[in-house]
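Me: I'd like to practise reading a model with you, going from a single sheet out to the whole chain. Can we start with the strands?

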Amino acid sequence: MVHIERTPLKKILRAVVYQNTEKLSLSDIVEREKPDLAMTGVFYSPAKWAPVCPVKADGTVLFADQQYSYWALGWDVGADVLPVLVPAGGESDCRNYVANCLLVRAGRPQQKLTYNADVGGRRGRVAVGLTKDTWITYGASDGSSGAMTPEDLRDYMAKQGCQFAVMMDGGGKVNYYSREAGVLIEGKDPSQTLLLLYLHGESEGKPVSEKKTVVLDPGHDASNLANKSPDGTYYEHEFALDMGNRIEAILEQYGVAVTMTRTGGEAVSLAQRCKIANNIRGLDLFVSLHSNAAAGSGWSSASGWSAYVFSKTSGGYTAAQSILEAVRAAGIAVRSTPIVEAPSLYVLKGTVAPAVLIEHGFHTNEGDVKNLRNSSYRQRLAEAEARGILDYLGIAWEEEDAPEPAEPTEAEKAVEWITTEGIMLGNSAGDLMLDQGMTRKQFAVMLYRYHKKFHPT
């Protein structure tokens, strides 16, 4: 049997991580707990009857990897479910999380999947995916047409529009139930951990905003005074915040919902910056704002604008290309390699949404610093980057119409008339000398010309 179910997030009343300590069958669990949906959870050790992937239930960590971090489904209640990065040791603000084999992140299929050889091959599978407003559950029993390899499942969930997806346990441990669809897929083995979803009527849920959403991340903060020009006239934290404010103002004019990771000089850790972004369901783009520095303590020749992305297959790379095109069109000098892959940068690897980190120039280069301190140059940068962001979001940039010429004043009309009629001619260079005094002789000449023009006889 094969079944895929799409559950609007706004319909989820509660999501529960269920520990099957009594080794009950799925039928018994459904009868006892009465969920609307139930599905197999993480891989587990049958001998120990304990999970082997990070999982947390109602505030209690059931298993944590002490060496590696994992991407997981994380939530407090259920409808607030989001992708979260669970660090080694399992510390997380979420009351619940479930991590397993990561299939899709930021809308991109993972190039290399991490799983043990004994769970590979074509077999029954369970997977959970998230779109901006939907929880997608896939279930297929062993031997059915839906039996897949992990790589097949990855590609399938990506094609369903998942921005994030994880593979749960499979094979004989596929256990999947949908009350509404009347589906019960019960494996020959019970699951040690399951996810249970309880739903309410759609009218009780909160609608998901259709607005495009962007997080702007002004790099560093006022406590980081080391990032400055050699002469001390420029500080990166001040520039980054000013750029964020300028870009925010432009994006909001186009109806984009903007969140700033900091609005002043307050200290915000890299982990907090990622959390701010990851807590926004369906975030469209994360943009971190910085200026660059060359090695050494003095001025250097390195200069130019550049952007960093997690990889060239990420959504951030597509966004960076749009921003780069707008920056070049604005006449901003860019580096010879303007877009660089940097998967080790914390905010690039720690955010779920497509992410770009922009280095606006080098604060160790005298020419760049002169520009970066200039208000009009900052505004040109902000407008170019906002234009690139809007292009990535699919929002058309509106060219400003040329201003209508101002209505001439009475004095301007009088000067135009008196010169057109030849009554006042100015000096030999054509200068009317309007701000200078007039002699009686000059006044008499003007009267004479007026008389000849309009009273010739």
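Reply: Sure. This is a predicted model, and a good place to begin is an open sheet of 5 strands, ordered β7-β6-β10-β8-β9 with antiparallel pairing.

Me: Which are the edge strands?

Reply: Look for strands that pair on one side only: here those are β7 (60-63) and β9 (82-86). From one strand to the next, the twist averages 35°.

Me: What holds neighbouring strands together in general?

Reply: Strands of a sheet pair through backbone hydrogen bonds, and the pairing can be parallel or antiparallel. For a case here, take β8 (residues 70-75) and β10 (residues 96-99): they run antiparallel and are joined by 4 bridges. Within β10, N96 is the residue opposite W75.

Me: Now the surface. Which residues make the nonpolar patch of about 290 Å²?

Reply: That patch comes from W417, Y450 and F454. W417 sits in helix α9, which covers residues 410-420.

Me: Is W417 partly exposed or buried?

Reply: Buried means under 20% relative accessible area, and exposed means over 50%. W417 has 39% relative accessibility, so it counts as partly exposed.

Me: And the whole protein: how many helices and strands are there?

Reply: The protein has 10 helices and 24 strands. Its radius of gyration is 32 Å, well over the 23 Å that the globule rule gives for 457 residues, so the protein is more spread out than a compact globule. Along the principal axes, its C-alpha atoms fill a box of roughly 120 × 55 × 35 Å. As for burial, 48% of the 457 residues are buried.

Notes
Residues are numbered from 1 along each chain as its sequence is written. This is a predicted model: local features need pLDDT of at least 70, side-chain atom pairs count only at pLDDT 80 or more; totals for chains, interfaces and linings use all residues. Side-chain values use heavy atoms; hydrogens and water are left out. Patches are made of residues with over 30% relative accessible area and no salt bridge: like charges are joined within 9 Å, nonpolar side chains (Val, Leu, Ile, Met, Phe, Trp, Tyr) within 5 Å. Accessible areas come from the Shrake-Rupley method with a 1.4 Å probe; for residues, only the protein chains shown count as cover. A salt bridge is a side-chain nitrogen of Lys or Arg within 4 Å of a carboxyl oxygen of Asp or Glu. Helices (H or I, at least four residues) and strands (E, at least two) are DSSP runs, numbered from the N terminus. Buried means under 20% relative accessible area, exposed over 50%, partly exposed in between (1.4 Å probe, protein chains only). Two strands pair if DSSP finds at least two bridges between them. Axes are lines fitted to C-alpha atoms, for helices over the stretch in contact, and angles run from 0 to 180 degrees between N-to-C directions. The radius of gyration is taken over C-alpha atoms; the globule rule is 2.2 Å times the number of residues to the power 0.38.
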